[in-house]
Structures are given as structure tokens and as C-alpha cells.
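Work through the exercises below with the sequence and the model side by side. Try each task before reading its solution.

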Amino acid sequence: MFHLRPYQEYAICMAAAKISAGCRSLILVSPTGSGKTVIGSHIILKAIIKGNQTLFLAHRKELVDQCSKKLAALSLPHGIIMAGHSYDSLAPVQVASLQTANRRELPAGFRLIIIDECHHAAAESYKRILEQFPDAVVIGLTATPYRADGEGLGDVFQDWVRVATIQDLTDKGFLVPCRYWSPGLPQLAGVRRKGSDFESGELGEAMSKPKLIGDVVKNYQSIAGGERAICFAVNKQHAQALTDAFNEAGVPAAFLHDSTGKKEREKILAWHRLGKYMVLVNVGILSEGYDDPAVSTCIQARPTLSVGLHIQQIGRVLRPHPDKKFA
């Protein structure tokens, strides 16, 4: 059983109060590292006690696994709807991968649906599932209640609760303080926008100039040398250039992208945790759902106009760890 922190208890109480008052869909907004899955798991526990079946929906394998571990720690029986897992149709809780849930026929009768990283919930893939359960209460969990297109989430959720802020949790010691360095700014005046962010091809070209690549490596060495780091790159070509530059400078590095196989990804992540790789370069893989509290350094080599993406990226290094005084 997890000992709930005061703000987590507040989130659960506020959710219950709003649902009792007639709200059918709401977002709980709480920073990365605040334990949103713990909050969701205790809400699920209360639903089970009331006899309500629950669907926990996540868009990444890591988030499905994370929820399953939290439910197991609470001794809550649950099934997993995801490729590679056997399905327990009798369990009162189903933890589902969004992709698999869209391909399979889901059980009837869910009274509660919890959506992790719910800033994605306006997508058609989520709406197709929600439409199957019009009587269910829907609770979204996110650190960043911003859609990628800059619009709000009011067409999916009726209300929201701000559980805590990064500053709140830093002041109370639940997150570590940040130190920021901005050694130099890239020239992005000619880079076009696509939607609400930069066009990735032109951005990747602008960020792959040899001097910029070299500056990233040099500044890591001078500011955070010897610290394990996560580096966010624009695209695969940019990530490869950064990885090569780190390795050539004697800093062991590897990179992850959407084509990295499951076994290879697990090996790279394990070697990063062991310090065999000091820098883990990635393209859109570790922005959400990645939890390694010992990592202290975030290298933002991927400029963005998205506040949500920016917050998700820096959130990767804010979790406290005995060996980390600040991020």
C-alpha cells in the first residue's frame, strides 16, 4: 500500500466531490514526478470497492506497465489488454494500450475510464473508445493540459483540478530544484512552422550545423560532465549526429527513436541506468512516461514552440534521488 502525500489525497477527494456534484469528465493536472499513477490507482481502488469496472487507458507500453505495477502493489487484480499479454476477462480492472484497445472488442460495462497523458485525448483513437461507454465517468491525468494544436480540451472534459505545481512540490521536497544554462541560441529565423510547432525537417537542418552539435557536447562536458543525461533531438539524422559527436568526444552515448526494437530499447535503457551510456539521445521517445529518478541532466537540443512538450521534457529530471541535489 502506498502512503499518499497530502496533495494526492486532495486530488482524490476533489475528484470524488466533482463527480458527486454531477461532473462526468475531468482532468487532474499534476507535475511529472508527482505520482499521477498512484493517484489513479487509488481512485481505481475506490471504484472496485463500489463494484464499478474500470478501464485504464494509456498510449505507450511504458505507461501500461507502470500502472500494472502500481495496481499489483495495491494487490488489485487486473487484466492487461496489450500485445504480448494474456487477457483476464474476469478482472474488475483492465489496463489497456490505446492501440490494442482500438483493434479489439472491449468488454462491456466500464463505469470509470482513466486516461493517462490525457492531453492526447482529443484524438479520434480515444474518442472511438469513449463513445462505446457513454455512461462512464472519465478522469484524465496529465502534467500538461495542452493539445498539440494549441486548442483546449473542453470538447472531451467538463472540468479540471490543479493538484499541485512544480514550485509547490519543489518547495516541499517532492521534486528537486532546477539550474538552467542557456549557452547559446540557434538561428531559427528561417525555419517554418508546421501546425503549432517548427517544421521538423527544417528544424533538424538548422540544429545539425557542426558548431551547434559541438556546442551541445562541449557544454555538457563543462556543465554536467560525468552526470547521466537525457538529450532531446529533432529527428533521426540530428540524433545520430549528436550521438556520434558525444562518442567521438569520449562520452558514451546511444540514441532511441520510433524504429528502435523492443529488445534493443530495453538494452539501451538498462545500459544508461548502469552508466555504460552517459547520454541517452532520443527522438520523441522519452518525453512522456519515462521514470529514472537518478538522471539529473536534460539537454534540450530540440527547440519547440510547445509549452506542453517543454514541460514534459524537463520533467524527466525533476524526480528526487539520494544522489541528486538539483537537476
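For sorting lining residues, Ala, Val, Leu, Ile, Met, Phe, Trp, Tyr, Cys and Pro count as nonpolar, Asp, Glu, Lys and Arg as charged, and the others, Gly among them, as polar. The model is predicted.

**Exercise 1. The enclosed space**

Task: Find which residues line the largest cavity, then sort them by class.

Solution.
- Step 1. Search the whole structure. One cavity of 30 Å³ or more turns up.
- Step 2. Take its volume. The largest cavity holds about 50 Å³ of space.
- Step 3. List the lining. It is made of R60, E62, R265, L269, I285, L286, E288, G289 and Y290.
- Step 4. Sort by class. Four residues of this lining are nonpolar, one is polar and four are charged. Gly counts as polar and Tyr as nonpolar, so G289 is polar and Y290 is nonpolar.

**Exercise 2. The open space**

Task: Describe the largest pocket by volume, lining and class.

Solution.
- Step 1. Start with the volume. The largest pocket contains about 1200 Å³ of space.
- Step 2. Look at the lining. It has 38 residues, and W181, P183, C298, I299 and Q300 lie nearest the centre of the pocket.
- Step 3. Assign the lining to elements. Helix 8 (210-224), strand 13 (297-300) and helix 11 (307-315) each give at least two residues. Helix 8 has the largest share, with eight residues.
- Step 4. Sort by class. The lining of the largest pocket counts 21 nonpolar, nine polar and eight charged residues.

**Exercise 3. Aromatic pairs**

Task: Classify the pair Y220 and F246, and then the pair W271 and Y277, by ring geometry.

Solution.
- Step 1. Recall what is needed. A pair of aromatic rings is described by the distance of the centres and the angle of the planes. An angle over 60 degrees counts as edge-to-face, one under 30 as stacked, and the rest as tilted.
- Step 2. Count the pairs. There are four aromatic pairs in the structure.
- Step 3. Take Y220 and F246. Their centres are 5.8 Å apart and their planes make 85 degrees, an edge-to-face pair.
- Step 4. Place this pair in the chain. Y220 is in helix 8 and F246 is in helix 9 (residues 236-248), so the contact ties together parts 26 residues apart in sequence. Y220 and F246 are both buried.
- Step 5. Take W271 and Y277. Here the centres are 5.7 Å apart and the planes 40 degrees, a tilted pair.
- Step 6. Check burial. W271 has 32% relative accessibility, so this residue is partly exposed. Y277, at 17%, is buried.

**Exercise 4. Charges over a ring**

Task: Which charged ends sit over the ring of W271, and how far are they from its centre?

Solution.
- Step 1. Look at K267. Its charged end sits over the ring of W271, 5.2 Å from the ring centre.
- Step 2. Look at K276. Its charged end also sits over the ring of W271, here 4.7 Å from the centre.

**Exercise 5. Two covered strands**

Task: Are the residues on the two faces of strand 1 and of strand 10 buried or exposed?

Solution.
- Step 1. Split each strand by face. In a regular strand the side chains alternate between the two faces of the sheet.
- Step 2. Take strand 1 (residues 25-29). S25, I27 and V29 are on one side, L26 and L28 on the other, and all are buried. Five of the five residues are buried, so the rest of the structure largely encloses strand 1.
- Step 3. Find its neighbours. Strand 1 pairs with strand 6 (residues 137-142) in the parallel sense, over five bridges. Strand 1 also runs parallel to strand 7 (residues 159-162), with four bridges.
- Step 4. Pin the register. L26 stands opposite I139 in strand 6 and opposite D159 in strand 7.
- Step 5. Take strand 10 (residues 229-232). A229 and C231 on one side, and I230 and F232 on the other, are all buried.
- Step 6. Find the neighbours of strand 10. Strand 12 (residues 279-282) pairs with strand 10 in parallel over four bridges. Strand 13 is also parallel to strand 10, joined by four bridges.
- Step 7. Pin the register again. C231 has V281 of strand 12 as its bridge partner. A229 stands opposite T297 in strand 13.

Terms used: Residues numbered from 1 in each chain as written. Predicted model: local features only at pLDDT ≥ 70, side-chain atom pairs only at ≥ 80, totals over all residues. Heavy atoms only, no water. 1 Å grid on protein atoms, 1.4 Å probe; cavity = no way out; pocket = protein on both sides within 12 Å on 5 of 7 lines; lining within 4 Å. Points joined across faces, edges and corners; volume = space filled by probe spheres on them. Phe/Tyr/Trp six-rings, centres within 6.5 Å; stacked < 30°, edge-to-face > 60°. Buried < 20%, exposed > 50% of the residue type's maximum accessible area, 1.4 Å probe, protein only. Lys NZ or Arg CZ within 6 Å of the ring centre and 35° of its normal. Pairing = 2+ DSSP bridges.
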